[in-house]
Amino acid sequence: MRDFRFWGLLPAHVLMALTLIVPILIIVAVSFSTRGAYGGFEFTFTTDAYRQILFNEGWTGELEFNPQYLYIIGRTVLLACCTTFLCMALAFPIAYWITLQGHKARVILLFAVTLPFWVSMIVRVYAWLIILGNDGVIEKGLRLTGLVDDLPSLLFNNGAMLAGMVYSYIPLMILPVFASIEKLDPALIEASHDLHGSRWVTLRRIILPLCWPGLVAGAILVFVPCLGAVLEPVLLGGGKILMMGNLIQMQFGGARNWPFGASIAIVLMCLVMVFLLLNGLRATRKAMEEMA
Amino acid sequence: MSHRTDVRRYRGLSGFAVVFFLWLYLPIAVVIFYSFNENRLVSVWTGFSLKWYAAALDNQNLMNAVRTSLEIAAIATVFATTIALMAALVLVRGKGVRFRRVSETIVNLPLVLPEIVLSVAVLILFSQIGFANGFAKLAIAHTTFCTPFAFLPIRARLQGMEMDFEEASADLYANKWTTFRRVTLPLIAPGVFAGAMLAFVISMDDFITSNMLNTGGATTLPVYIFGLIKQGTTPELNAISTLIILVSLAVAALALFIQGRGGSMTDT
């Protein structure tokens, strides 16, 4: 039993090593390979896959700069930032409002906030397809008011993807933010008030700084899955406006360019790592804990 | 203290909350509403009908997908929870464990990696070693990304627990295994249950990995629904979605009920 220290951890280490760490090393190798004749890859060291992110090869073999994939990477980062920011802006007031309620109401409201999260992700994204779609709920509602006759399509644009992602990931923001507001000592707010701080000054100078760790934890939980989003760009972006997630997926599906897909996956992973390092490892660990 | 003078309250917050909850639940309500539409087109309402539910329940492909999803989720939950429980016992309770921080990070690794990267990783791995059983591929991949979700609630429960009872049990000449089975496990049961529940839901909900590995004939429910959506929105799709919503809400309510009896939600 003394050796439980060793074999208790063994299954977890073996699982993660075989299905995660080794495969990621293989991805790195594939990203430096050339594509095989029938899909797959052949290992010959080359940086072609990374060059393809930036350059097009012309007819005569000359390279010309092609910003197409940079746009996709930029759009992904921008949409993930916007989603994170919107989630913060929506989650903070709601979480704050919930902490003001009585104990019983608090439990019920917290449950109500997380309840939609239990419903399958694909069903929730599908709901937005019906709402935003042609002849969808929004278009019908606007037509009833008589203000508009025919709307340009609300689907298949950046806004539709943003709406879907905010809706998908907001519970991940609310829970850590709620936990940090709940720990806030009300006496501090009263003290600020006694010192003639207005409600807004109190919010800006007392409440927000004290709840910042919760907001950062929530931002990590929302930002990382947003960078790798696949469902939202495929369904709400119509598969034409790409994000990195579905660009990678396409390379392993129809396009059959594994080295290019692997290089984009490595870029995605580096983006995530840079983001996590910027936030510091402590905040990351905290985010993981809040999630439980 | 009256509400008006309470300095913690902000004007307009309640109104904002009402709008927020409408926004949160409206999409789900819309899906349910249109599932009763008799017309073949989702958004053209022509009358009330339950025929799409009959069609959904009669759909053999759908039922196969449900069975595949349930089986994979069950296998992944059992393995992920067992692996996570063992790891948590060592990492929280073990004395003098070397590389504790590193081990903990490794167990939680799937949480900080975008799932698309993980799915590409296992896809290449399985294709390299020529492993072709679609069902087993999914079960293994799901176990990997469910493990941290099972790990965190169990660890949280273990951390919040004193060693007293286990020491008492040892004083009463119980061996380690008996102590674990009769004392530790019952005490951390709510955490284990929460972890298993989370793992099960995460596995059932997974789309990215299941779709990426969907070549060996194992189609899960989300992947099947994705295929239907690609063919166009129909009220049958809404009926299927409504059934999924009802089952998920029932499971969520049950989980809350059991959690409520074993300790508060925020405990885990």
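# A walk through a predicted two-chain model

Start by selecting helix α8 of chain B, residues 176-205. This helix holds 30 residues, yet its end C-alpha atoms are only 37 Å apart, short of the 44 Å that a straight helix would reach at 1.5 Å a residue. Where is the bend in α8(B)? Click on A189(B): α8(B) bends there by about 55°. Within four residues after that point you will also find a proline, P190(B).

Before going further, please keep in mind that this is a predicted model. The predictor gives the complex an ipTM of 0.85 and a pTM of 0.87.

**Next, the loop before α8**

Select Y173(B), which lies in the loop between α7 (164-171) and α8 of chain B. Is Y173(B) buried or exposed? Y173(B) counts as exposed because 7 other C-beta atoms lie within 10 Å, and the cut-off for exposed is 12 or fewer. Look at the backbone here too: Y173(B) is not a glycine, but its phi is positive, about 65°.

**Zoom out to chain B**

Show chain B as a cartoon. Its secondary structure comes to eleven helices and zero strands, so the pattern read along the sequence is α-α-α-α-α-α-α-α-α-α-α. If you draw a box along the principal axes, the C-alpha atoms of chain B fill roughly 75 × 70 × 30 Å. The radius of gyration of chain B is 23 Å, while a compact globule of 268 residues would have one near 18 Å. Of the 268 residues in chain B, 42% are buried. Now turn on the contacts between residues at least 6 apart in sequence: in chain B, 79% of them join residues at least 24 apart.

Colour chain B by confidence. The average pLDDT is 85, and 94% of the residues score at least 70. Then select residues 263-268 of chain B, where the pLDDT is below 50. Beyond near neighbours in sequence, this stretch has eleven contacts in the model.

**A stop at helix α5 of chain B**

Select residues 115-128 of chain B, which form helix α5. How far apart are the end C-alpha atoms of α5(B)? They are 20 Å apart, which agrees with the 20 Å that its 14 residues should span at 1.5 Å a residue. Mostly, α5(B) is covered, with twelve of its 14 residues buried. Among those buried residues are E115(B), S119(B), L123(B) and F126(B). Just beyond the helix, click on G130(B), whose phi is positive, near 65°.

Stay in α5(B) and pick I124(B). Why does I124(B) count as buried? There are 23 other C-beta atoms within 10 Å of I124(B), and the cut-off for buried is 20 or more. To see what is around this residue, show its contacts while leaving aside its neighbours within four places in sequence: P23(A), I26(A), I27(A) and V30(A) appear, from the other chain. You can also draw a line from I124(B) to L213(B); these two are 89 residues apart along the chain, with their C-alpha atoms separated by 9.9 Å.

**Follow those contacts to the interface**

Now select the residues of each chain that touch the other. You should get 77 residues of chain B in contact with 73 residues of chain A. Which helix gives the largest share of the side of chain B that touches chain A? That is helix α1 of chain B (residues 13-34), with 13 residues. Colour this side by residue type, and it divides into 58 nonpolar, 14 polar and five charged.

**A quick look at helix α2 of chain B**

Go to A55(B), in helix α2 (residues 51-58) of chain B. A55(B) is partly exposed, because 15 other C-beta atoms lie within 10 Å. Draw a line from A55(B) to E236(B): their C-alpha atoms are separated by 6.9 Å, although the two residues are 181 apart along the chain.

**Finish with chain A**

Show chain A, which has 13 helices and four strands. Its C-alpha atoms fill a box of roughly 75 × 75 × 35 Å along the principal axes. Of its 292 residues, 45% count as buried. Among contacts in chain A with a separation of 6 or more, 69% are between residues 24 or more positions apart.

Colour by confidence once again. The mean pLDDT of chain A is 84, and 92% of its residues reach 70 or more. For your last two selections, compare helix α1 (residues 4-7) of chain A, where confidence is lowest at a mean of 76, with helix α4 (residues 68-99) of chain A, where it is highest at 93.

Key:
Residues numbered from 1 in each chain as written. Chains lettered and ligands numbered in written order. Predicted model: local features only at pLDDT ≥ 70, side-chain atom pairs only at ≥ 80, totals over all residues. Contact = placed C-beta atoms within 7 Å. Nonpolar A, V, L, I, M, F, W, Y, C, P; charged D, E, K, R; others polar. Expected span 1.5 Å × (residues − 1). Bend = angle between axes of the 7 residues up to and from the residue. pLDDT = per-residue confidence, 0-100. Rg over C-alpha atoms; globule rule 2.2 N^0.38 Å.
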